[in-house]
Structures are given as structure tokens and as C-alpha cells.
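Here is a friendly walk through one structure, written for someone who likes to think in atoms and distances. Have the viewer open as you read.

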Amino acid sequence: MARGGADGQVVIDTSLNNSGFIRGIRGMTGQVGGLQSAVKRLGKAIVGAFAVRAVVNFGRRAVQIGSDVAEVQNVVDVAFGELKGQAEEFASTAITQFGMSTLAAKKTASTYMAMAKGMGVASQEAADMAITLAGLSGDVASFFNISQELADIKLKSVFTGETETLKDLGVVMTQDNLKAYALSKGFRKSYDAMSQAEKVALRYQFVLDSLALANGDFARTQDSWANQTRILSMQWQEFMGILGQSIIAVLKPVVKWLNAVVSHMIALATLLNNTVTKAFGGETQQAQQTSSAIASSVDNQEALTDAVKDTSKAQQKSLAGFDEIN
């Protein structure tokens with residue numbers, strides 16, 4: 001602001017009234033502080049929501065694995081029977097020896113056991129074959145850097161006789177190669193004369209010899225990064241399976257109670273449906289039949305009326321001619 005001085009000089013007053021500006025800045029600072037607080041609260045809420053979702057997903061996955069372990073145990077008991085102790089012993093060390101969880105070990109071994117017995121292989125021989133092949137699937141996975149599930153699929157060719165699945169492992173299991181292998185090993189029967197069980201035994205020995213380099217690979221290279229991460233993954237799955245079985249034990253009574261409640265609800269709904277059907281369905285059906293009968297009668301009456309009209313017209317025409325003659 002400028003003002004005139006006594007001596008004619010112009011004095012410029014630089015003092016500004018900035019009280020409003022300062023109040024605005026302070027108000028803005030307060031708003032920013034409130035916004036920061038709101039953002040923090042929102043962030044905590046989002047983190048909490050994701051944490052709850054993660055816990056729910058973890059619990060669901062744990063329950064699924066726990067259920068799978070229980071189901072595969074039933075398969076082991078049925079497939080191995082009195083020899084299930086061999087499967088249990090194999091599964092107890094499968095993580096460190098073959099990089100397979102208890103679930104994967106039992107599932108693979110029991111599947112091979114069922115296939116071997118289905119092909120007519122004797123129980124003890126089938127058990128030895130199943131456990132050896134299950135362990136070999138872990139070694140093949142380590143040696144060729146593939147998943148154990150994929151190795152399992154390829155080794156099923158021992159029982160199915162397929163050749164394409166084994167070629168990726170360097171095994172060419174053609175009939176000509178099997179016949180030559182049988183001769184070199186002193187098999188007395190020709191390949192064509194062998195039974196299914198004998199062919200399985202021949203293919204089993206052929207595959208073991210062909211994959212001799214992969215045998216024991218996981219144990220030899222256990223300290224590698226790939227195998228250590230595989231062990232960690234399998235141990236985590238083991239942990240989830242044990243935890244899932246505990247959750248199942250807690251929730252099973254609740255599920256049974258819910259099943260009982262739903263069964264009663266179904267019974268009540270069925271009773272209600274039968275009552276409503278008897279009360280309204282029969283009358284409705286009778287009304288429909290009555291309506292149909294009435295409609296049919298009306299149609300018949302209309303047809304009769306039309307016929308009478310036609311007859312009357314014909315009679316009139318006939319009488320008209322008779323009158324003309326008269």
C-alpha cells in the first residue's frame with residue numbers, strides 16, 4: 001500500500017494482511033492430516049480384508065488336502081491289504097528320499113498297486129513293483145526336471161504298454177525292443193506267448209534298466225535349489241494336510257448336524273407338496289377334465305346344429321322343386 005510522506009516522498013507499506021491466508025493453510029493442513037488418517041484406516045481395512053480372505057483360502061485348501069489324504073488312505077488299505085505296511089514305510093520317508101509328500105507317495109503307489117493286481121501280478125510282487133515305480137517317479141522328476149505328476153503319467157506305460165509317453169525320457173519300448181530284451185535276459189517264453197502279468201514284468205524290468213541313470217537322482221542332488229524348493233513345497237503340503245485333518249475333525253459333527261437338518265427340511269417339503277397336490281391338484285385336474293368335456297360337448301352340439309341346418313336347406317330345395325312341378 002502506498003501513501004504520501006510529509007517531505008513529498010512516497011512510502012510503500014509492504015505489510016500484508018495475511019491472516020486469512022494463514023488460516024487457510026492451517027485448515028488445509030488439518031484436512032490433509034484427516035485425509036492421511038482416513039487413508040491409513042482404509043489401508044488397514046484393506047489389509048485386514050485380504051488377510052481374512054487369505055486365511056479362508058488357506059483353510060479351504062488345508063481341508064481339501066486333509067480330505068484327499070483320508071481318501072487316499074482308504075485306497076492304500078484296499079489296494080495293498082495286508083501289505084499296506086510297505087506303503088506306509090515308503091510314504092514316511094518319501095519327502096527326503098524322493099521329494100514326494102505323503103499324499104503323493106500313497107496316491108502314486110496305490111495306483112500302481114491297483115494296476116499291477118488288475119493285470120494279474122501276484123500281491124507281493126505287485127507291492128514291490130508299485131513302491132519301486134513310485135520312488136522312481138520322484139527320481140525321474142528330479143533327473144529330467146519335470147513334475148512328479150508328469151513322471152507318474154509316463155511310468156504308467158509299464159502297465160498300459162504305451163510307448164509315446166516314455167520317449168521323452170529316452171525309453172523306446174517297442175515290441176521289437178522288448179523281444180530283443182527278453183532274449184538277452186534269458187526269458188524262455190516268446191513275447192507273444194506271454195500272459196499279461198508276464199508282459200508287465202518284462203516292461204517293468206526294461207524301464208528300470210533304461211532309466212538306471214535317473215535311479216536315486218533326488219537323493220544325490222538333494223542339496224540343489226530345485227530339490228530344496230521341492231522339499232519345501234512338499235513339507236508345506238504335509239503341514240496343510242495335517243492341519244486340514246484337524247479342521248475336518250472339528251467341522252465333521254457340524255456337517256452331520258446340517259445334513260440331518262436338511263433331511264428333515266426335505267421331508268417337510270415333500271409332505272407339504274403332497275398336501276398341496278391333494279388339496280388343489282386333484283380339483284384342478286377334475287376341473288380340467290370337466291372343461292374338456294364341456295368343450296367337447298359344445299363342439300358336438302355345433303356340429304349337430306350345422307348338420308340340421310344343412311338338412312333343412314336340402315329339404316327346402318327339394319320342396320321348392322316339388323312346388324314348381326305342381
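In this predicted model, Arg230 is buried and yet has no salt bridge. How far away is the nearest side chain of opposite charge? That side chain belongs to Glu149, and it is 6.6 Å away. A salt bridge here requires a side-chain nitrogen of Lys or Arg within 4 Å of a carboxyl oxygen of Asp or Glu, so a distance of 6.6 Å does not qualify.

Arg230 is found in helix α12, which covers residues 225-325. Which residues does Arg230 touch, leaving out those up to four places away in sequence? They are Gly99, Ala141, Ser142, Ile146, Ser147, Gln148 and Phe218.

**The pocket**

Gln148 and Glu149 come up again in the largest pocket. This pocket has a volume of about 300 Å³. It is lined by 15 residues, and the closest to its centre are Ala104, Lys107, Gln148, Glu149 and Gln237. Four helices each supply at least two residues of the lining: α1 (19-80), α4 (102-118), α6 (148-155) and α12. The largest share, 4 residues, comes from α4.

**Helix α6 and the loop before it**

One of the pocket helices, α6, has Gln148, Ala151, Asp152, Lys154 and Leu155 as its buried residues. Seen down the axis of α6, these buried residues fall within an arc of 165 degrees, so they line one face of the helix.

The loop between α5 (123-144) and α6 contains Asn145. Its phi is near 55 degrees, a positive value in a residue other than glycine. Is Asn145 buried or exposed? Asn145 is exposed, with a relative accessible area of 63%.

**Salt bridges**

In contrast to the unpaired arginine, other charged residues do find partners. Side chains of opposite charge can pair when their charged atoms come close. The structure holds 9 salt bridges, including the three in this table.

| Acidic residue | Basic residue | Closest N to O distance |
|---|---|---|
| Asp77 | Lys84 | 3.7 Å |
| Asp152 | Lys156 | 2.9 Å |
| Glu164 | Lys167 | 3.0 Å |

The surroundings of these pairs are worth a look. Asp77 is partly exposed, with a relative accessible area of 30%, and its partner Lys84 is partly exposed at 38%. Asp152, which belongs to the buried set of α6, has a relative accessible area of 13%. Glu164 counts as exposed at 54% relative accessibility, while Lys167 is partly exposed at 40%.

How many residues apart are Glu164 and Lys167 in helix α8? They are 3 residues apart in this helix (residues 164-167), which means that about one helical turn separates them. An α-helix has 3.6 residues a turn, so residues three or four places apart point the same way.

**Helix α9 and what follows**

Helix α9 (residues 175-184) has Leu178, Tyr181 and Ala182 buried. Why can we speak of one buried face here? Seen down the axis of α9, its buried residues fall within an arc of 100 degrees, so they line one face of the helix. On the other side of α9, Asp176, Leu183 and Ser184 are exposed. The packing partner of the buried residues of α9 is α10 (196-210).

After α9 comes Gly186, whose phi is positive, near 80 degrees. Ser190 lies in the loop between α9 and α10 and is partly exposed, with a relative accessible area of 44%. Ser190 and Lys179 are 11 residues apart along the chain, and their C-alpha atoms are separated by 7.3 Å.

**The chain as a whole**

Stepping back, the secondary structure of the chain comes to 12 helices and 2 strands. From the N terminus on, the two strands precede the helices, in the order β-β-α-α-α-α-α-α-α-α-α-α-α-α. The chain has 326 residues, of which buried residues make up 26%. Which share of the contacts between residues at least 6 apart in sequence joins residues at least 24 apart? That share is 66%.

Conventions:
Residues numbered from 1 in each chain as written. Predicted model: local features only at pLDDT ≥ 70, side-chain atom pairs only at ≥ 80, totals over all residues. Heavy atoms only, no water. Buried < 20%, exposed > 50% of the residue type's maximum accessible area, 1.4 Å probe, protein only. Lys, Arg positive; Asp, Glu negative; His and termini not counted. Contact = heavy atoms within 4.5 Å. Arc of directions from axis to C-beta. 1 Å grid on protein atoms, 1.4 Å probe; cavity = no way out; pocket = protein on both sides within 12 Å on 5 of 7 lines; lining within 4 Å. Points joined across faces, edges and corners; volume = space filled by probe spheres on them.
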